[in-house]
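Visitor: I'd like to learn how the labels people put on a structure are earned. Could you show me one and let me ask about the words?

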Amino acid sequence: MNAAIARARAQAALTDLRPQPDDIAADAIAGLSAAPKTLPSKYFYDAEGSRLFEAITRQPEYYLTRVELALMEAQMASIAQAVGDGVHVVEFGSGSGRKTELLLDGLQAPVAYTPIEISRTALMDSVTRLGQEFSDVQMLPVCADFTRPVSLPRADRPAQRTLVFFPGSTLGNFSDDEAIRLLRSMRDTMGDDGCALIGIDLDKDPAIIEAAYNDQAGVTAAFTLNLLTRLNREIGSDFEIDGFRHRAVYARERMRIETMLVSERAQTVRIGEHAFDFGAGEVMHVEISQKYTDASFSALAARAGLRVTHGWNDGNDRFGLRLLQPA
Ligand code: AVJ
């Protein structure tokens, strides 16, 4: 490791609130006890899952990341103007940091950056890289499940305002109730003067959406199935990976992609002393990806005490960014 990287790592004081195996087992047992069976999608992102997700973003069918990046590039000046200068950027999740790079680069003199990310590898990689590139921005990473309340590390230099950044349409991976809870917690994090920049995938031709979640190369299928591999390794479950098949369907009336793992045969899966029977063809729900219209998103935000002050879409209305502030 070279000296600059070592320094950036050492400077990035880590708050570690990672989920422990007992939390994961409890979540898995609760989900498998429900009807229909479910598993929480937040556990997709171990090191391999994060790698597979990056690979998804490079698939030709998966337009979301490409379109959002181009949108940020095209509209950054206008976004920076709306947000103002000297902000503490708090990102819910951290991903590869490419969007964060555009944001930190485009904003006027941001003072600090706090990613809140469940995958420690993704978190440290991102602040190590960003810390080198943005030496004037204090890196204050928090390793935690961002759906739980987290108290923000304070920046050495006082910020004018807190900007919550939540790109990628990750909000869509939560049910309406969970999304509202998350938006409320963003509202708490930003305070009365703060704001949030949120990426949302827009409702469109179902064929385009379904192709994005069923890529030809099978990367999304591998990503979904990796959840089972991770559970087997971390909580000692005995899922047979080739006993399940990936399926993603756009439910038009609910405007969301529903991703399932379909049991190929009748089988029993064990976690400790718990046994779960699957019928042949039985579906287990593992992820939703909500799509939005202007009306549906504004209504969701309103239920969390937030209002949309600015909006930017790409030229084809595939993907949007919305700036919110307390209502
Ligand atoms: C995490 C919201 C960016 O739902 O589109 C991609 C995750 N799942 N392909 C999404 C995902 C399957 C993704 N986001």
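Guide: Here is how some labels for this structure follow from their definitions. This is a predicted model, where local features need pLDDT of at least 70, side-chain atom pairs count only at pLDDT 80 or more, and totals for chains, interfaces and linings use all residues. Residues are numbered from 1 along each chain as its sequence is written, and side-chain values use heavy atoms, with hydrogens and water left out.

Visitor: Why is Cys143 called buried?

Guide: Its relative accessible area is 0%. Buried means under 20%, exposed over 50%, and partly exposed in between, using a 1.4 Å probe and protein chains only, so Cys143 counts as buried. Cys195, at 1%, is buried too.

Visitor: How many disulfides does the structure hold?

Guide: Zero. To count as one, a pair of cysteine sulfur atoms must be within 2.5 Å.

Visitor: What makes the contact between Tyr113 and Glu91 a polar one?

Guide: Their side chains are joined at 2.7 Å. The rule asks for a pair of N or O atoms within 3.5 Å; within protein, one must be able to donate a hydrogen and the other to accept it, and residues adjacent in sequence count only if both atoms are side-chain atoms. The 2.7 Å pair therefore fits the label. Tyr113 itself is buried, with a relative accessible area of 0%.

Visitor: Where does Tyr113 sit?

Guide: In strand 4, residues 112–117. Strands (E, at least two residues) and helices (H or I, at least four) are DSSP runs, numbered from the N terminus.

Visitor: How do you know what span to expect for helix 9?

Guide: You take 1.5 Å times one less than its number of residues. Helix 9 covers residues 219–235, 17 in number, and reaches 24 Å from its first C-alpha to its last, close to the expected 24 Å.

Visitor: What is meant by the bend at Leu225?

Guide: A bend is the angle between axes fitted to the seven residues ending at a residue and the seven starting there. At Leu225 in helix 9, that comes to about 25°.

Visitor: Which residues are closest to the ligand?

Guide: Tyr62, Asn173, Tyr213, Glu287 and Ser289, out of 14 that surround the ligand. To be near, a residue needs a heavy atom within 4 Å. A polar side-chain atom of Tyr62 lies 2.5 Å from an oxygen atom of the ligand, and for Asn173 the distance is 3.0 Å.
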